[in-house]
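Please open the model in your viewer and keep the sequence panel beside it, since this tour moves from one selection to the next.

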Amino acid sequence: MLRYVYAHDLHQHGELAHSMFVDRADQFKTRLGWDVTVDAQGEERDEYDALDPLYVIWEQADGRHGGSMRFLPSTGPIMVNDVFPELTGGDAISSPLIWECTRFCLSRDVSGNVAGALTLAGLEIMRNFNIAHFAGVFDRRMVRIYRSLGFSPDVIGTMGEGRDRICLGLWDYSVEAYHRVAQKAGIQPELSTLWFDRSFGGAVEPGSVALTG
C-alpha cells in the first residue's frame, strides 16, 4: 500500500522509515555510485530531508520499504536550484504551483509495479494539493520508465554527455494522465484515493483546492 508521510511524522513509522533510508543508501551509493552520505546506521540522508519534505512510500506486506519519492515545494530550498542551476539557465524555479520530486528509490527485492504506484501517488498529490507541475532531475535510465508509465516529462534543460547526461524535466498534471497511469499501474483510482485519504485523515492541505478528476 501507499503511505504519504511528512518528515516530522516519520518517527511514527520507525521500521518503514529506517528501511527507506537504508534502501536509498543501497541504490544511490552502492548501485549507482553517487557521492552521497551514509551514516553509521546505514541510512542515506541529505540536507533536504531536514526540510520536512513529504514522502510517498510503498509499504510492503512485512511493513518494510518497497519504494519511495520525496517532495518539496519550490518556494523553499530545492535541489534543482541549489545543486543544478545550469539546468535552469540560472533562473530559479519558484512557484506555489510547482513542487520538486527527488530520491526516486526502489528496493532490490520489491515485486510488482511499484514504480507505477509511486507515479500514481505523485499525481494524487498534484490532484489534491492543486499542484500544476512537478520538477525533477533525472538520468537516462529513467527515460524508459517514464515512457512505460505513460507520464513522460517535458525536458527543459540538459547537462553532460553520454552516460553522464542528466535532464531537468517538468511534469504536467492532467486528468487524462491520472487515469492513464492508474491503468498502467493496475491500481483503481478509488483505491489510490483511499490510501491518500487514510494518510491525511480525509483532508488536504489547508487552503488547497482539489483539481477536478
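Begin by selecting Arg127, which counts as buried at 11% relative accessibility; keep in mind throughout that this is a predicted model. Now add Glu124 to the selection and display both side chains, which meet in a salt bridge with an N to O distance of 2.6 Å. Glu124 also counts as buried, at 0% relative accessibility. If you colour helix α3, residues 114-129, you will find that both partners lie in it, three residues apart, or about one turn of the helix.

Next, go to Asp46 and Arg103, whose salt bridge has its closest N and O atoms 3.3 Å apart. Asp46 sits in the loop between α1 (14-31) and β2 (54-59), whereas Arg103 belongs to strand β4 (residues 98-106), so the pair ties together parts that are 57 residues apart in sequence. With a surface displayed, check the setting of these two residues: Asp46 is buried, and Arg103 is buried as well.

Keep Asp46 and Arg103 selected and widen the view to include Arg24, Glu44, Asp49 and Arg70, because under the 4 Å criterion between side-chain nitrogen and carboxyl oxygen these six residues are linked in a network of salt bridges. Over the whole structure, the search finds twelve salt bridges.

Another of these pairs is Glu43 with Arg45, so select both and show their side chains, which meet in a salt bridge at 2.9 Å, N to O. Which of the two is buried, and which is partly exposed? Glu43 is the buried partner, with a relative accessible area of 9%, while Arg45 counts as partly exposed at 39% relative accessibility.

Finally, turn to the cysteines and display their sulfur atoms. How many disulfides does a search of the whole structure find? The search finds zero. Select Cys105 and measure outwards from its sulfur: the nearest cysteine sulfur belongs to Cys101 and is 12 Å away, and Cys105 is in no disulfide. A disulfide requires two cysteine sulfur atoms within 2.5 Å, so that separation does not qualify. Cys105 is itself buried, with a relative accessible area of 0%.

The last stop is Cys167, which is likewise in no disulfide, its nearest cysteine sulfur being that of Cys101 at 15 Å. Like Cys105, which is buried, Cys167 is buried, and its relative accessible area is 11%.

Methods:
Residues are numbered from 1 along each chain as its sequence is written. This is a predicted model: local features need pLDDT of at least 70, side-chain atom pairs count only at pLDDT 80 or more; totals for chains, interfaces and linings use all residues. Side-chain values use heavy atoms; hydrogens and water are left out. Buried means under 20% relative accessible area, exposed over 50%, partly exposed in between (1.4 Å probe, protein chains only). Helices (H or I, at least four residues) and strands (E, at least two) are DSSP runs, numbered from the N terminus.
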